[in-house]
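Dear colleague,

I am handing over the structure below, and after it you will find a short account of what turned up when I went through it. Please read the account with the coordinates open beside you.

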Amino acid sequence: MLSTHGMACLLLRCVGMNRRSALPFVPSIATIFVTYLIVAGAGLGHATPSKGLADPPPPDPRSGLVTHPTPSVTQRSHAEGALAQLRNKHASFKRISDTQTARFVDLMKKEQLGLTVYVAENSILKDLNDKVLHDYDLVTTLCNVHKAIVHRLVMKDPQLRPLIAGQYHDFKGVAFAFRSESAATRLAVRKLHRKAGDIFAKILARTSIRDKISGKRGISGDPRHWYGGGIGSTYDQAGAAARLSRSRYRPHKRAVIFEFSRVERLLDAREAHTERLRSRLSQLDKRLLVELPGRNNYTLNVGLVDIVRKAHTVSGGLNKYIAHIKTRISRRFGGAQVSPNQVFLIRDYFAVVDSFSAKLLVKKRVEIDLGQAQHNVLSIDLKGQGARNHFETQVSLFESRLQGARVALKATRVGEDRATAEMLRAATHIDNVIAATYGAPSVDDAASGLTGDDKRYASPRKVKAKDRKLYVSGLQGYDRAGMFRSTDVALHYADTGRRVPAEQRSALVNDAEGVLKAMDTRLEGTKAGSDLSHALLHLRLYPREKAPNQVALSVVGEVKDSTMAALGRKLKLSVPKELAVRGRIERVSKVRVRHPAKAQR
């Protein structure tokens, strides 16, 4: 193990604070700890597992991998059956009603005194969706499993249940407010959270999830730590404490839960460190920044934040991470250059700001069960919403700078509200387009819902060419249509006409979205990408039972012929081997969208 001095030197070197670039101060133990959490939070390293694992054979302690024995055919069959049962039982979560959720939101906005608020949230939701499980519905199911465990434990606890003042859930996790601030209440909550992590891990160990995560590094391979816990006097305090849990991951230990009162000094130090880092951003190329009020005040723009947010999955060590960031910046910002130390500055500023991001509070959440869908699943991903949330957090921290963590958390809640307002405006536009196309009041319909930054709709009838053109034209009519990533997945095999099994549908939606994400990356910084800034790309996926699935692309909006040619090339490069391109890219002329009220007559 490194000495305190050795760790300080190593960590300060990692964040670019060498003799030429570091601020002239002697690091305290608190500063070293803050820097450690920042580096850990950036996701660039993983703790090395200790020896003596419970599951044989034990992995090499130097590998950082979580491995499991290879199951037999019978074991694999039982594991798949157990997972299918979880899917059926936990496709939705209804133990906390919309009314209870709405009351909780109102209670948190009042900032009532004398409460203990407990938050359990999924710390790696994006990784599970995009990198680990690749199955949106499965991840939703697992979130519902954990929420059900926590809820059952609270309701069975004779100490906590009588104290319940409110309960809440969203797509990431669950929260409870208790009418007590006693040490005994906080202790009961800590024990409950750790027990929930143990139960969750045991349930998943009996399913094929065990095989899916075998060999994954860090938190991804350890379900006990998928849900961070936090305790505070307010929802935002508990959320900030829960967010710290990821950076305190230790392999083969119980789930981590922090109390805000115990980490407040750390968060105060982080808040001050945020301003020190921000004051150094002026050294960057101004194309990467947004100017703030006052003299020489800048913060990262949304495009740069988006690059850093997605870079946490880059593997291969620090040098590859630096090269990735430099390449993406140069491509997106017209050849802008950054040094390695500037990469560290950007990364560390992003990470420390992210620790103050406010959690989403929604009064009603609609869950989409793709297993019940009959014909097509229309999905619209609001691109860059996470980056917009982070940008508003940066602005809020600047506005409340150097006033401590409590003030910072109140300010970032206001910033989150600004970012959410734009998301809800976009969601309302999508609802209106769906209603105009299908004559369904989707805003209140169980078949349509906003799940995080995704909007999904289960079509009540087969989507015909006329419907599709009306639908995509309506989406493109939004003043920021470039933020929509639109897909349409058919639920009947194109070659046999049979229905696609329920358990395969979410993966198909992810496949379609994955193609558009890959295209976005390839179009970044190109003339074609610039030409498409106000156009809409709509990808259709046609599953086939006896042949590779096919995808087809539609473009809505005025684009150049050269852009269409570039799109054809990028599409072929973005489609994985197991998919095939169907026909030529369709150019959709704008269709007049009927008013929803007229469409429903």
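Among contacts in the protein chain between residues at least 6 apart in sequence, what percentage join residues at least 24 apart? For this predicted model, the share of such contacts that join residues at least 24 apart comes to 76%. The protein chain has 601 residues, of which 54% count as buried, and its secondary structure consists of 20 helices and 15 strands. The chain exposes about 27,200 Å², and carbon and sulfur atoms supply 51% of that area.

Two places may be worth a closer look.

On the surface, Lys 89, Arg 95, Arg 152, Lys 156 and Lys 195 together form a positive patch. One of these residues, Lys 195, lies in helix α7, which spans residues 183-205; because its relative accessibility is 45%, and the partly exposed class runs between 20% and 50%, Lys 195 counts as partly exposed.

The other place is Ser 220, which sits in the loop between α8 (209-213) and β4 (227-232). Is this loop residue buried or exposed? With a relative accessibility of 13%, Ser 220 counts as buried, since the class is defined as under 20%. When residues up to four places away in sequence are left aside, Ser 220 touches Ile 124, Val 132, Ile 213 and Trp 226.

With best regards

Note on methods. Residues are numbered from 1 along each chain as its sequence is written. This is a predicted model: local features need pLDDT of at least 70, side-chain atom pairs count only at pLDDT 80 or more; totals for chains, interfaces and linings use all residues. Side-chain values use heavy atoms; hydrogens and water are left out. Patches are made of residues with over 30% relative accessible area and no salt bridge: like charges are joined within 9 Å, nonpolar side chains (Val, Leu, Ile, Met, Phe, Trp, Tyr) within 5 Å. Accessible areas come from the Shrake-Rupley method with a 1.4 Å probe; for residues, only the protein chains shown count as cover. A salt bridge is a side-chain nitrogen of Lys or Arg within 4 Å of a carboxyl oxygen of Asp or Glu. Lys and Arg count as positive and Asp and Glu as negative; His and the chain ends are not counted. The place of a charge is taken as NZ of Lys, CZ of Arg, CG of Asp or CD of Glu. Helices (H or I, at least four residues) and strands (E, at least two) are DSSP runs, numbered from the N terminus. Buried means under 20% relative accessible area, exposed over 50%, partly exposed in between (1.4 Å probe, protein chains only). Contact means heavy atoms within 4.5 Å.
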